[in-house]
Amino acid sequence: MIKFGVIGTNWITEMFIEAAYQTSEYQLTTVYSRTEERAQTFIEQLKVSHDTITTATTMSDLLASDIDLVYIASPNALHYEQAKAVITAGKHVIVEKPVASNPAEFSDLQIALAQHPDVLLFEAARHVHQPNFKKIKETMKTLPMLQGATLVYQKYSSRFDAYLAGQEPNVLTRKFSAGALYDLGVYPLYAALDLFGTPQAVQYIPTLLRNGADGKGTAILVYPDYTVTLLFGKSANSYLPSEIYGQKETISISNITELESVTYHDGNGHQKEISTPVDDNPMIHEAQDFANIIKNPNGQREVYNNWFRLSQQVNQTLFDLRQSAGIEFPADKRE
């Protein structure tokens with residue numbers, strides 16, 4: 001049983017905890033929050049047994065608790081320092097994307113991992129672990145030609161009303177390394193790099209908010225024979241499907257993150273549903289994949305290394321896109 005603690009008392013943390021328990025591989029032992037009251041309230045609302053769960057209000061208390069692993073779902077700008085502290089303490093770490101604000105931070109985490117070779121770092125990109133995503137990859141291999149894709153993930157943020165009211169929510173401010181690209185664009189970007197590899201060049205055209213953060217935008221990834229276009233945002237809703245283009249064939253995806261439906265169009269007017277029903281909790285498969293590697297790191301080393309390289313490529317491409325649009329984060333000046 002993998003004993004784990006969590007940083008972040010929000011809906012995605014709760015979703016991961018429930019997914020972890022559904023795999024029967026994990027046991028939650030510690031919840032970290034800056035206030036005891038918030039941690040206790042979060043524990044009480046969980047749909048798992050509370051008997052063995054304790055609270056921690058400092059990182060040192062969390063890392064001294066009975067854990068093998070820490071799951072981090074704090075604001076983006078805090079991921080790097082918290083992940084480094086966990087690695088230095090000799091614990092495995094799962095970090096919600098993005099794992100770091102820039103390549104300098106990512107490189108520093110690599111150094112910390114090299115100094116603690118038994119520690120594993122995972123970036124929680126749940127969609128690339130789902131069966132329907134793997135079905136997309138398999139189907140792409142059958143296409144005689146690839147001509148790029150349009151990948152869409154745009155939904156109105158629950159915090160955008162607060163922004164319109166003059167506030168500055170964590171998910172819509174550069175202070176916390178946030179905005180459309182780093183909060184939502186990372187999903188289609190992860191899919192694009194996993195499906196098509198690293199692009200030759202990138203360009204990001206954002207719609208900026210009054211605080212300099214990006215509310216929505218279009219990213220273009222340039223490959224030798226085609227481009228991949230990413231449409232994403234937090235200030236409006238889109239109901240467009242995502243598409244991957246072959247010669248006459250097209251793979252149509254209802255949502256590149258949720259992956260509820262994937263359809264293959266053969267170019268002759270015929271179509272076939274190639275997806276399977278999705279789980280109620282979309283994080284089950286990544287939780288199971290991470291547990292498999294934690295239990296057998298040597299036997300799964302190649303798989304882990306491939307995921308880690310993808311995480312590094314995503315981090316670099318996020319930074320390159322942001323630089324192309326002239327968007328700077330305070331974290332970029334961190335020494």
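Reader: In S10, which residue is the bridge partner of Ala-149?
Author: This is a predicted model: local features need pLDDT of at least 70 and side-chain atom pairs count only at pLDDT 80 or more, while totals for chains, interfaces and linings use all residues. Residues are numbered from 1 along each chain as its sequence is written, and side-chain values use heavy atoms, with hydrogens and water left out. Strand S10 (residues 227-233) runs parallel to S7, joined to it by 6 bridges. Within S10, the partner of Ala-149 is Val-228.

Reader: Which residue in S11 does Ala-149 stand opposite?
Author: Helices (H or I, at least four residues) and strands (E, at least two) are DSSP runs, numbered from the N terminus. Two strands pair if DSSP finds at least two bridges between them. S7 and strand S11 (residues 242-245) are paired in the antiparallel sense by 2 bridges. Opposite Ala-149 in S11 is Ile-244.

Reader: How many of the residues of strand S7 are buried?
Author: A residue is buried under 20% relative accessible area, exposed over 50% and partly exposed in between, using a 1.4 Å probe and protein chains only. Strand S7 covers residues 149-154 and is mostly covered. Of its 6 residues, the number buried is 5.

Reader: Which strands stand at the edges of the open sheet of 8 strands, S8-S9-S10-S7-S11-S12-S13-S14?
Author: This sheet has mixed pairing. An edge strand here has a single partner strand, so one side of it is left without a neighbour in the sheet. The strands in that position are S8 (201-208) and S14 (271-273).

Reader: In S9, what is the bridge partner of Ile-205?
Author: Strand S8 and strand S9 (residues 214-222) run antiparallel and are joined by 8 bridges. In S9, Ile-205 is matched with Thr-218.

Reader: At about what angle does H8 run to S10?
Author: Contact means heavy atoms within 4.5 Å. Axes are lines fitted to C-alpha atoms, for helices over the stretch in contact, and angles run from 0 to 180 degrees between N-to-C directions. H8 lies across S7, S8, S9, S10 and S11. Its angle to S10 is about 155°.

Reader: Why is H8 largely enclosed by the rest of the structure, and how many of its residues are buried?
Author: H8 is largely enclosed because nearly its whole length is buried. Out of its 17 residues, the buried count is 16.

Reader: Where does helix H8 bend, and which proline follows?
Author: The bend at a residue is the angle between axes fitted to the seven residues ending there and the seven starting there. Helix H8 (residues 180-196) bends by about 55° at Val-186. The proline that follows within four residues is Pro-188.

Reader: Is Thr-263 buried or exposed?
Author: Thr-263 has its place in strand S13 (residues 262-265). Its relative accessible area is 11%, so Thr-263 is buried.

Reader: Which side chain makes a polar contact with the side chain of Thr-263?
Author: A polar contact is a pair of N or O atoms within 3.5 Å; within protein, one must be able to donate a hydrogen and the other to accept it, and residues adjacent in sequence count only if both atoms are side-chain atoms. Not counting residues up to four places away in sequence, Thr-263 touches several residues, among them Thr-250, Ile-251 and Gln-271. The polar contact, at 3.0 Å, is with the side chain of Glu-273.

Reader: Does Ala-165 count as buried or exposed?
Author: Ala-165 is found in the loop between helix H7 (160-164) and H8. Its relative accessibility is 61%, so it counts as exposed.

Reader: Which are the edge strands that pair on one side only?
Author: An open sheet of 6 strands has the order S3-S2-S1-S4-S5-S6, with parallel pairing. Its edge strands are S3 (54-56) and S6 (121-124).

Reader: Which residue in S5 does Tyr-71 stand opposite?
Author: Strand S4 (residues 69-72) and strand S5 (residues 92-96) pair in the parallel sense over 4 bridges. In S5, the residue opposite Tyr-71 is Ile-94.

Reader: How far apart in space are Ile-72 and His-265, C-alpha to C-alpha?
Author: Ile-72 lies in strand S4. Its relative accessibility is 0%, so Ile-72 counts as buried. Ile-72 and His-265 are 193 residues apart in sequence, and their C-alpha separation is 39 Å.
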